[in-house]
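Visitor: I don't need the full tour today. Please give me a close look at a single part: how the strands are put together, and what sits around them.

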Amino acid sequence: MVVRHPHFTEKGLREQVEIVEGIESPLLLVVPNKDMDKNPEISIVVPVYNEESLIEELCSRLKCVGDALNRSYEILIVDDGSDDGSFEKLKRISEADKIFRLVKLTRNFGQQSAVLAGFRISRGEIVVQLDSDLQNPPEEIPKLLAALTENIDLVTTIHKKRQDGLLRVLGSKFLCGFGQMLFGKTVKLNLSSFRVMRRSVIEKIEACKDRSRYMAVLMSWMGLPSVEVEVEHHARKKGETKYNLLTLMKLSWDLVTGYSNFPLRLVTYMGLFGAFIGFLMMAFLLYQRIANGILIEGFVVLSAVFAFFAGVQLLSIGFLGEYLGRVHSQIQDRPDYIVEKVIE
Ligand code: UDP
Ligand code: MG
């Protein structure tokens, strides 16, 4: 007799485990999910954090767009620890309409974690991610889905005109420009939170074990076959942005420390520079003393010695940092490369 039951692995990947009974140690086989036809084709994943005033409009517009797709779909809403009544509203809506699935996180974990939870719990072969504040108009979803052609795994978006406050736009531009500088030309960074992807992309994200799961950055880093689609961006009608200058700075710092060893390397460079200047000064002082018989006063000598030793110390810290950097990336255990597909 064969018993099937859905099983979530540690990685959160959906697998079906087939247990063949009657054999002493049950044979565990990972088989393709045969209940796949029951799964919707498309999952729309939306993180919600304190968006009470927008819930009804969000749900009705999402459902309208979903119904018009003429494909099977689900709307998966992740409540990221809201404390303003968003969850109660969402609960009522999802109880009345089975197209909505609702996930509640125990507390506020941040947008990235909420999205990751949504990705893992969603069941569709195609996953749409968008914000819940309706700045990404759900009506643009069909355009993104149309761009997900056979050879494309990821559709990202660029905004015709970003309808946000000046500070928010500048903060975002800085984050993107700074990130792009860290990665160099080989990675095309797109930080938009409105995107469509195949499930294979989520499986590849699971292969990245680092704690800093800045979803958009990881997806950009993977260099998957993708296209950018231009979409409308609307101003927030109600509620407020959850990102202020401080949270944006934290994100930038997360980007730097999560994706590069640059700060550690900077210490090495500073040390090299200091030691080099100190060395030049000392050589000059020695030369003056020996060749020209000039004894330069104590302060200058002290400065030279200080610059040299400060440089050497920084350099030593930098070397330690280089090894720490290696430990850091080893612990992240991110794969060395991502295979797009194998054609046989
Ligand atoms: N969000 C979330 N958890 C958070 C912060 C934000 O789930 O801790 C959600 C929020 O409800 C919205 C999306 O992430 O759907 C984007 O947030 P926001 O509109 O504040 O960001 P902005 O548009 O300013 O980038
Ligand atoms: Mg927003």
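Guide: Quick bit of vocabulary: helices are DSSP runs of H or I with at least four residues, strands are runs of E with at least two, and both are numbered from the N terminus. Keep in mind, too, that this is a predicted model.

With that in hand, start with the sheet. It is an open one built from 7 strands, ordered β6-β5-β4-β7-β9-β8-β10, and its pairing is mixed. The edges belong to β6 (100–104) and β10 (226–231); each has a single partner strand, so one side of each lacks a neighbour in the sheet. Going from one strand to the next, the twist averages 20°.

Now zoom in on β7. With β4, β7 pairs in the parallel sense over 4 bridges, and valine 45 has glutamine 129 as its bridge partner there. With β9, β7 runs antiparallel, again joined by 4 bridges. Here valine 128 stands opposite valine 196. Valine 196 is also the bridge partner of valine 155, in the antiparallel pairing of β8 (residues 154–159) with β9 (residues 195–198), which spans 2 bridges.

So much for the neighbours within the sheet; what about the faces? Both faces of β7 are covered: Ile126 and Val128 are buried on one side, Val127 and Gln129 on the other. Nonpolar side chains do tend to be buried together in soluble globular proteins. In this model, the largest nonpolar core has 50 residues, and Val127 and Val128 are among those with the most contacts inside it, along with Ile44, Val45, Leu76, Ile77 and Val78. Take isoleucine 77 as an example: setting aside neighbours within four places in sequence, its contacts are Val46, Val48, Leu90, Phe100 and Leu102.

There is a helix to fit in as well. Helix α3 (residues 111–121) lies across β4 (42–48), β5 (73–79), β6 and β7 (126–129), and runs at about 155° to β4.

Both β4 and α3 come up again at ligand 1. Of the 17 residues around ligand 1, the nearest are Pro47, Tyr49, Ser132, Thr241 and Lys242. The elements giving two or more residues to that shell are β4 and α3. Sorted by class, the shell has 5 nonpolar, 6 polar and 6 charged residues.

Last stop: two loops that lead away from these strands, each with a backbone oddity. As a rule, most residues other than glycine have a negative phi. Asparagine 50 has a positive one, near 50°, and sits in the loop between β4 and α1 (55–68). Asparagine 50 counts as buried because 20 other C-beta atoms lie within 10 Å, and the cut-off for buried is 20 or more. The other case is leucine 134, whose phi is also positive, near 65°. Its place is the loop between β7 and α4 (141–147). Leucine 134 is buried too, because it has 21 C-beta neighbours inside 10 Å.

If you want one strand to click on first, make it β7: bridged to β4 and to β9, and covered on both faces.

Notes:
Residues are numbered from 1 along each chain as its sequence is written. Chains are lettered from A and ligands numbered from 1 in the order in which they are written. This is a predicted model: local features need pLDDT of at least 70, side-chain atom pairs count only at pLDDT 80 or more; totals for chains, interfaces and linings use all residues. Two strands pair if DSSP finds at least two bridges between them. Axes are lines fitted to C-alpha atoms, for helices over the stretch in contact, and angles run from 0 to 180 degrees between N-to-C directions. Two residues are in contact if their C-beta atoms, placed from the backbone, lie within 7 Å. A residue is near a molecule or strand if its C-beta atom, placed from the backbone, lies within 6 Å of it. Ala, Val, Leu, Ile, Met, Phe, Trp, Tyr, Cys and Pro count as nonpolar, Asp, Glu, Lys and Arg as charged, and the others, Gly among them, as polar. A nonpolar core is a set of buried Ala, Val, Leu, Ile, Met, Phe, Trp, Tyr and Cys residues joined through C-beta atoms within 7 Å. A residue is buried if 20 or more other C-beta atoms lie within 10 Å of its own, exposed if 12 or fewer, and partly exposed in between; C-beta atoms are placed from the backbone.
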